[in-house]
Every structure is written in C-alpha cells, then in structure tokens.
Amino acid sequence: MSLLHHTHLNGERFLIDPWNHGTGIMRAVLTRFTDLDVTHAGSLIAIVGAAPAGWRLLRSAWYEAYSWIRQFFVASVTVPGGDPVNSNLIKWLVSHRPRHHRAFTGRTEMGRGDATDRAASLKKTRRSVQYAPHWDSRWFFHHGRLFVASRDNFSSSAMSDPAYEGVGGEQLTISCFGWSIEPIQNLIEVAREFADRQTQYFVIIYGRDRYGMSWQPKTRKPIRLLDTVHFDDTVKQELLNDIRKYLDPRTQRRYQSRSMPYRRGYLFYGPPGTGKSSLSTALAGEFGLDLYEVKIPSIASDSDLEQMFQEIPPQCIVLLEDIDAVWIERTSRSHSPDRRSERSGGSDRENSRANCTLSGLLNVLDGVGSQEGRIVIMTTNKPELLDPALVRPGRVDMKVFLGNITPASAEQMFVRMFSPDEMVTSDTIPSSIQQRSHVVDLDDIRDLARNFAKAIPDNVFTPSQLQGFFQLHLDSADDAANGITSWVEKELERQANSSFEFLENGVVKRV
Ligand SMILES: Nc1ncnc2c1ncn2[C@@H]1O[C@H](COP(=O)(O)OP(=O)(O)OP(=O)(O)O)[C@@H](O)[C@H]1O
C-alpha cells in the first residue's frame, strides 16, 4: 500500500507524506492550545531520550570517583557474617534506623507468639508477622561523622533461616572518611555495649546453621534462675563455686603461670527429663556466657567437629549433648557391632550413632583452641557407656548427678509455681479463673506445698513429669494440692505397667 496520500487544501492538490502531515497537525494543535513550538518539544523529547544514557554516564563517573575516594580517603572495617560483632552492629543499625525507613522484610514469626495473646498461644494456629528493616547500604551520622554500612553477598537463603533478623548474616563493611579506623572501632564498641544491654536478660544459644557451615544464634532464652532447677543444694553450691573460681581472672593467670591448660569440663548425668539441659542454660545465664550447642548424634564427621570447635569463641559454654552417642573407637564398627548395640541398649540407638569418633572428640577437647577459658559441659543419660578416657580428670573435672525428684524439691517446685510473683493476675486471665486462684498468700502456698510434698514418693518421678502435672493446674494451687494424690496413684500404676496411655473414642487405652 502506498504511503503517500493525496489531499485537497484550498482547492489545491498536494502530495504529502504521513510524517510531515502528522507533524503539521501536532504543530497546529500545540500552537493552538499552548504556546509551545513543536520544534522546542522535539528538543525536549530528545533530551528526555538522552537522559538514561546521561544518567548511566554520571553513575559510572560517580562509581569511578567513589572507588578512587575510597581508595585514598576512606577507612573501612569488614566484619564477616556470623561473627558476633556482625550481629551487634546489625542490632545497633536496626534500632537506629531513620524514622521513615520504607523497606522491610515480612516474615511469619517463628519464635514464641505474642505472650499476651492467650487465645493465640493456646490455639497455636496463627502466628504474627514480623517486620524487620531491610537495606543494602546505609549512610548515617554518628558523633558528627558520616559512616556508610554496606552488606555484601546477600543470599536469599539467609531469609529462610529462623534466626535471620531482616538484615545480617552477610559480610558487613563499615566505612568512614579519614585515614584511621578509630572512629569505626569506637562505633563497634558502642554497638557491642548496646547489644550487651539488650541481651543482658537473655541467654543466646548458638547452633550450627541448616547446612552445618557456621554458628548462628539459634534462640534467645530469657535467663533461667538457678533456683528454678531443682537438685541437691550442696552439689549446686559446689558447682557454682567451682565455675566462679574458674572464671576468676586470677585463676587464669595461675593456670598460665603453671603451664596448665585453662579449661574446665563438667559431666551432667541422670535420667531423661531431670534438668541437664536446663541446668546448662541456667549456668550460662548466671555467668553471662553464650551457649554453643553441639548435638553429638548429628555431627557428620571428625573434621566437621574440629571445624565447629575452631569457630567457637573463647569464654563461653560448649554444651555437648548426648555424649554417649560417640562412636567408641576401641569397639570398631566392623568388629563388634553387636557388642556396641548391646552396650548402647538396642537397635534404636544404633540408628542414632554419631559419625564422629572418640579420638576425634578427645582431639577437640584437648586441642589448642580448647585452652581459652571455655567451659565444656557434657550431658548423658547413660554414663556407664562412656569411655574412661573421655571422663578422666582434666577432661571432666566435676560430675553432677541429676536424679528423680525428692519431696523437698517437689515442695520448692510447688512454691515456685504458685508464689504470688508467678501467678499471673492480669486482664489476660479470665475473671472466672482469677476468682478460683484466690490463694496468693505466700504462707498459704507454703502450707499447701508441705502437704503436696507428702504425697510425692522419693526418687520416683522426674522433675519434668511433675512439671507436666503442674502445667495442668497452673491456675489454681488448691486444685494442684488436691489433685496430686490421684495423679501419683495413676502414674505409679502406669509406670508399673510401663504402658503408654492414649485416648481412643473417649476411652483411655494402654499399649
Ligand atoms: N531439676 C529440674 N528442676 C526444674 N525443672 C526441671 C528439672 N528437670 C527437668 N525440668 C523441666 O523438665 C523439662 C525438661 O528438662 P531438660 O530438658 O533440662 O531435661 P534433660 O535432663 O536435659 O532431658 P534429656 O536428657 O531428655 O535431654 C524442662 O522444661 C525443665 O523445666
């Protein structure tokens, strides 16, 4: 089809091309309705069209200039992801963000739900959404100085980690103008103090990340007082004094001057549910130490174990759980699987056998990195399976037995559960329940506790069993005191039959 059109204007016949024709109309329209000349509009369009290229040019010039400035006039400190200083800085940056920060990550809350939302906590169906500020690089002033914090190698997998705080987990570089890193060092100190203040009521528990590649803060537990872990009071005092003495700086100097390795090991042993893990966490809170959790059965190899230990900082508690799962080298896999199975109490334990060896474990316990003020706590339900080499003095300096509950401990537990401080009497508890929990006088509670303790047979139930009973009666001390005798009878019967109870169509059945 021809692109030329014929037209008549004032009786004349013109041959025009559509472009000129279109421009003519545009010009006519523009001049009619605005004062703009279309030739100027054309220049405007040309400028707008050239703007992106100009912008790109400016940007690359800026990057060039910035890298030049960085090279000669900027001091910087890079902190690797996963390092405690990294998370301290992130905490400080997040809480000192500009008021109008607009980029956030949104994630379903993985930790405890809103403690005040009783209905939600009971149903456990809805979790709140957690919003955390998000940025790649941020400029900010601190003490009159301009800093920039930039995150490198952001990986989206970090976001699916429950410990991810919206930012963090990646390498962080803090820069400022000048030739000295002193302002950055000061900023780091400020961030560390800030983080310490924020976490002083919590124990930070570190675990390996999902790929087993690095230590990550796994949970932050409110400090558990040692009074809430019930076991022999004399042993508790001995343990506390021992750790206190060990952490005293004078002890460290004495160890060093006598060329002794500065480390301390403890073994907590006893039946499941007697408080071995709880005691370890309570000690971490008592002495303000972070807790590094090593689950022996989940370690892939000796070299993994070694790598883990190399990355554990000094001055912390290392918790080696289920230490009896360590493969005992002397009874090699090929020679005596039966014997091992027999020693470990059955085929199910075979399945949970660790892949690290005894010598691998002894290596990391005695290795160079272990001599820096760490406390190593090993826990086991089966101390009789442990190799004597593992628990010899020097590796295990004190053994602490945590056993079944005594009537005296049961009495203390009762008082703790129902003392006025512990009883919640806020609006979150329905008034009907508040009326039932009328006993809040401490003397009354103590009386009830004494009667309660009389019903508890010595050394039969674990503290966690008793805790389970309290959980059913948290709203009323009276109910707990009245219900204990029948609970004890039922539990004794159940233990005698060593049966597992379950409900089927409303009928209690046992297997
Ligand atoms: N001695 C105790 N005093 C107070 N509470 C206890 C005690 N022992 C256990 N509990 C309670 O029972 C629960 C389980 O305790 P914990 O996990 O510390 O036991 P454990 O000995 O480490 O068990 P396991 O050997 O199975 O790991 C916790 O909620 C804890 O509060």
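**Which residues of S11 are buried on one side, and which on the other?** We will get there in Exercise 1, but first some ground rules.

This is a predicted model, where local features need pLDDT of at least 70, side-chain atom pairs count only at pLDDT 80 or more, and totals for chains, interfaces and linings use all residues. Residues are numbered from 1 along each chain as its sequence is written.

**Exercise 1. Describe strand S11 and find its partners.**

Step 1: Find the strand. S11 covers residues 264-269. Helices (H or I, at least four residues) and strands (E, at least two) are DSSP runs, numbered from the N terminus.

Step 2: Check burial. A residue is buried if 20 or more other C-beta atoms lie within 10 Å of its own, exposed if 12 or fewer, and partly exposed in between, with C-beta atoms placed from the backbone. In S11, six of the six residues are buried.

Step 3: Sort by face. In a regular strand the side chains alternate between the two faces of the sheet. Arg-264, Tyr-266 and Phe-268 are buried on one side of S11, and Gly-265, Leu-267 and Tyr-269 on the other, so both faces are covered.

Step 4: Look for partners. Two strands pair if DSSP finds at least two bridges between them. S11 pairs in the parallel sense with S14 (residues 375-380) over six bridges, and Phe-268 has Thr-379 as its bridge partner there. S11 also pairs in the parallel sense with S15 (residues 398-401), over four bridges; here Tyr-266 is bridged to Met-398.

**Exercise 2. Explain why Leu-267 counts as buried, and list its contacts.**

Step 1: Leu-267 sits in strand S11.

Step 2: Count neighbours. Leu-267 has 23 C-beta neighbours inside 10 Å, and therefore counts as buried.

Step 3: List contacts. Two residues are in contact if their C-beta atoms, placed from the backbone, lie within 7 Å. Leaving aside neighbours within four places in sequence, Leu-267 is in contact with Met-378, Val-391, Val-396 and Lys-399.

Step 4: Compare sequence with space. Leu-267 and Met-378 are 111 residues apart along the chain, yet their C-alpha atoms are separated by 4.8 Å.

**Exercise 3. Decide whether Ser-259 and Gln-315 are buried, partly exposed or exposed, and give their phi angles.**

Step 1: Place them. Ser-259 is in the loop between helix H7 (249-257) and S11. Gln-315 is in the loop between helix H9 (302-310) and strand S13 (317-321).

Step 2: Count neighbours. Ser-259 has 6 C-beta neighbours inside 10 Å, so it counts as exposed. Gln-315 has 13 inside 10 Å, so it counts as partly exposed.

Step 3: Read the backbone. Most residues other than glycine have a negative phi. Ser-259 is not a glycine, but has a positive phi of about 55°. Gln-315, also not a glycine, has a positive phi of about 55°.

**Exercise 4. Test the length of helix H13 and find what it packs against.**

Step 1: H13 has twelve residues, 407-418. The expected span of a helix is 1.5 Å times one less than its number of residues.

Step 2: The expected span of H13 is 16 Å and its end C-alpha atoms are 17 Å apart, which agrees.

Step 3: The buried residues of H13 are Ser-409, Ala-410, Glu-411, Met-413, Phe-414, Met-417 and Phe-418. They pack against helix H15 (442-454), H16 and helix H17 (477-497).

**Exercise 5. Work out where the ligand lies.**

Step 1: The ligand is surrounded by 16 residues, and the closest are Pro-272, Gly-275, Ser-278, Pro-463 and Ser-464. Helix H8 (276-286) and helix H16 (463-472) are the elements that give two or more residues to this shell.

Step 2: Sort by class. Ala, Val, Leu, Ile, Met, Phe, Trp, Tyr, Cys and Pro count as nonpolar, Asp, Glu, Lys and Arg as charged, and the others, Gly among them, as polar. The shell has five nonpolar, ten polar and one charged residues.

Step 3: Use the domains, whose bounds come from an automatic or database domain assignment. Domain 3 (218-401) and domain 4 (407-510) both give residues to the shell, so the ligand lies between them.

Definitions and conventions:
Near = placed C-beta within 6 Å.
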